[in-house]
Amino acid sequence: MNAEKPAERTRSPEKTTVSPGRRKFLSGMAGAAGGGCLMAMGVGIYSRQASALPALALRPPGALPEPEFLAACTRCGLCVRDCPPGILKLAAPGNLIPTGTPYFTARTGPCVMCENIPCIKNCPTGALDPKLTDINDARMGLAVLIDQETCIAFLGLRCEACYNICPVAIKTDNDITHRAISLEKRHNPRSDRHAMLLPTVHSEYCTGCGLCEKACILKESAIRVLPPKLAQGKGDGHYLKGWEEREKHGRSLIGDQLELPVRGLENKPLGDVRVYDEPPSNTDPADTHGSDPEDKQ
Amino acid sequence: MSTRDPNKRLGQDAIANKGWLVANKWLLLRRVSQLGILALFMVGSWFGVWIIKGNLTSSLVLGVVPLTDPYAFLQMLATGFLPAKTAIIGALIVALFYLLIGGRVFCSWVCPVNMITDAAAWTRRRFNIKSNHAPSANTRYWFMVGTFVASALTGTLAMEWVNPVSIAHRGLFFGMGAGLWFLAALFIYDSFVATRGWCGHLCPMGAFYSLLGKAALLRVAAPRRDACDDCMDCFGICPEPQVIRPALKKAGQDSPVILDSRCTTCGRCIDVCGKQVFRLTHRFDQRSSS
């Protein structure tokens with residue numbers, strides 16, 4: 001190109017010093033650079049926009065936090081291949097889940113919490129963290145009893161499907177201690193004489209496996225596994241729980257409290273809040289059980 | 001000697017001289033390689049015998065040897081994430097292999113998209129489609145650099161969202177979804193818009209592998225270049241026609257070896273040449289009839 005310069009100068013010295021060859025080279029280069037960068041920009045913008053994980057798509061156990069996971073996952077599908085129940089899938093293009101990344105859907109195929117966590121074993125990059133060795137430490141999501149209007153336990157019936165299926169429990173030969181879901185006994189105000197046994201999730205134990213969501217007997221599950229970010233609030237840390245502090249320090253932090261009696265509940269053991277117009281009679285409990293209060297009058 | 005007869009099909013002389021089988025030898029071998037690699041992944045899901053598990057981005061051979069696509073690996077590094085040892089070893093193995101054998105050997109012997117774009121090239125020849133709005137062939141290198149920048153800025157393996165190679169291969173084994181439309185669009189683009197538009201001009205993965213194979217040992221050469229009768233069949237069939245001239249016509253080089261790293265070592269020039277000018281050899285083979 002330098003050889004062309006003198007000829008160029010003699011032809012039109014005042015006009016231009018760019019030879020046609022160089023012009024072609026430069027414009028070709030600019031076209032390639034412009035086109036290449038434009039395509040890369042399109043790819044970048046698309047990949048960023050399509051990075052949101054829908055709430056109902058759950059990552060395999062041990063998955064790094066979502067932003068890191070998207071940097072680390074090569075989308076190779078080894079976890080999918082190594083999943084014994086075959087619940088893991090790789091998202092196909094056009095799916096709302098980040099293309100090619102592994103996920104499962106609790107309602108249709110929950111994680112069965114294999115003890116040896118085979119899905120993590122062959123992950124080449126550590127997108128599924130090999131530091132997770134106890135499946136009970138997995139946090140794929142958090143189960144939330146999200147609809148109290150349809151959950152039949154809240155309607156006063158006994159169901160317990162989610163409670164019974166929950167695998168986060170300590171099992172011995174003749175006993176089982178559920179940890180992630182407990183049944184909390186509450187007074188049923190509608191019948192006024194029955195208990196409601198309400199499934200209650202404990203976040204410190206729930207792995208987010210989704211077995212409860214799958215087990216829910218309703219058409220649409222009343223209990224769902226959500227990303228912890230959607231499911232959990234977070235306090236500022238300046239709320240101290242008096243009962244915890246008292247336990248910790250062996251005394252109340254604000255000194256002894258004056259306990260005033262509650263009218264009508266004098267001489268009742270703590271927790272017995274039944275109020276009677278008259279002292280309870282000694283009639284056969286089977287007699288009154290289930291009959292309407294109005295019948296007595 | 002002869003100028004090209006427009007009604008003559010590419011490789012007709014070669015078929016007449018060598019027979020159909022020899023005149024398609026390298027094409028057939030490539031298809032066996034491409035389909036064979038797909039089959040190795042497939043037998044696992046069909047029969048539960050895992051020879052190779054995963055997909056082209058990352059896989060595990062016989063449960064022991066990890067393989068990772070170095071292009072995806074570099075995107076990962078660009079995000080700032082340092083992957084576990086397995087992926088590093090896997091990327092090194094694959095990079096070393098293509099470094100020695102020839103980067104773009106991946107393109108013509110392994111990549112599943114090659115079959116799509118070859119089909120598009122065939123369609124162009126068969127229906128004599130001449131329209132060509134191909135962008136600059138250097139676009140791919142800029143695009144490649146751009147994908148690393150995009151990965152760094154977005155914190156994800158940016159190209160892996162849309163990489164047709166990954167979409168095709170992953171799709172075959174894990175569900176294609178809308179990827180099918182994407183690949184169809186690629187076929188239409190290559191057939192009707194731009195000759196060898198994707199593989200020869202845009203694909204950043206091909207660009208990466210071409211740079212990787214700058215000093216590769218396995219090369220095509222034109223040792224019998226004085227027998228060339230200028231029939232142009234090799235230029236007509238070659239996916240990167242510009243790479244042939246320096247070796248065949250001594251344009252800027254004396255060596256008969258095609259040294260341009262954009263050559264995919266597909267061997268089609270060897271196939272279609274009726275004069276048996278070309279052969280597959282190594283980089284330092286200087287034997288030449290002229």
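Here is a short walk through a two-chain model, with something to select at each stop.

**Before you start**

This is a predicted model, in which local features need pLDDT of at least 70, side-chain atom pairs count only at pLDDT 80 or more, and totals for chains, interfaces and linings use all residues. Residues are numbered from 1 along each chain as its sequence is written, while chains are lettered from A and ligands numbered from 1 in the order in which they are written.

**Stop 1: chain A as a whole**

Select chain A. You'll find 10 helices and 9 strands there; both are DSSP runs numbered from the N terminus, with helices being H or I of at least four residues and strands E of at least two. Of the 297 residues in chain A, 31% are buried. Here, buried means 20 or more other C-beta atoms within 10 Å of a residue's own, exposed means 12 or fewer, and partly exposed is in between, with C-beta atoms placed from the backbone.

Now look at contacts in chain A between residues at least 6 apart in sequence: 62% of them join residues at least 24 apart. Two residues are in contact if their C-beta atoms, placed from the backbone, lie within 7 Å.

**Stop 2: the domains of chain A**

Colour 46–136 of chain A as domain 1 and 141–233 as domain 2. These bounds come from an automatic or database domain assignment. The C-alpha centres of the two domains of chain A are 25 Å apart. Where they touch, domain 1 of chain A gives 9 residues and domain 2 of chain A gives 15. The domain 1 side has 7 nonpolar, 1 polar and 1 charged residues. For these classes, Ala, Val, Leu, Ile, Met, Phe, Trp, Tyr, Cys and Pro count as nonpolar, Asp, Glu, Lys and Arg as charged, and the others, Gly among them, as polar.

**Stop 3: a sheet in chain A**

Next, pick out strands S1, S2 and S3 of chain A, which form an open sheet in the order S1-S3-S2 with antiparallel pairing. Strands count as paired if DSSP finds at least two bridges between them. Which strands stand at the edges? They are S1 (57–58) and S2 (89–90) of chain A, each with a single partner strand, so one side of each has no neighbour in the sheet. Zoom in on S2(A) and S3(A) (residues 102–105), which are joined by 2 bridges. A:Leu90 has A:Pro102 in S3(A) as its bridge partner.

**Stop 4: an open helix**

Move along to helix H9 of chain A, residues 242–249. Of its 8 residues, the number buried is 0, so this helix lies largely in the open. Click on A:Gly250 just after H9(A): this residue takes a positive phi of about 80°.

**Stop 5: where the chains meet**

Show both chains. Their contact takes 51 residues from chain B and 40 residues from chain A. On the side of chain B that touches chain A, elements giving two or more residues include helix H4 (70–79), helix H8 (139–154) and helix H9 (164–174) of chain B. The largest share, 10 residues, comes from H8(B). By class, that side of chain B divides into 25 nonpolar, 23 polar and 3 charged residues.

**Stop 6: the sheet in chain B**

Stay with chain B and select its strands S1, S2 and S3, an antiparallel open sheet in the order S1-S2-S3. S1 and S3 of chain B are the edge strands, each pairing on one side only. S2(B) and S3(B) are joined by 4 bridges, and the bridge partner of B:Ser58 is B:Thr68 in S3(B). Add H5(B), which packs on the sheet, touches S2 and S3 of chain B, and makes about 75° with the direction of S3(B). Angles run from 0 to 180 degrees between N-to-C directions, and axes are lines fitted to C-alpha atoms, for helices over the stretch in contact.

**Stop 7: two packed helices**

Select H7 (residues 113–126) and H10 (residues 179–193) of chain B. At what angle do H7 and H10 of chain B pack? The angle is about 35°, and their axes are 8 Å apart. Among the residues making this contact are B:Ile116 and B:Ala120 of H7(B), and B:Leu183 and B:Phe187 of H10(B). The contact has 7 nonpolar, 3 polar and 2 charged residues.

**Last stop: B:Ala39**

Finish at B:Ala39 in helix H3 (residues 25–47) of chain B. B:Ala39 is partly exposed, with 13 other C-beta atoms within 10 Å. B:Ile52 is 13 residues from B:Ala39 in sequence and 9.6 Å away in space, C-alpha to C-alpha.
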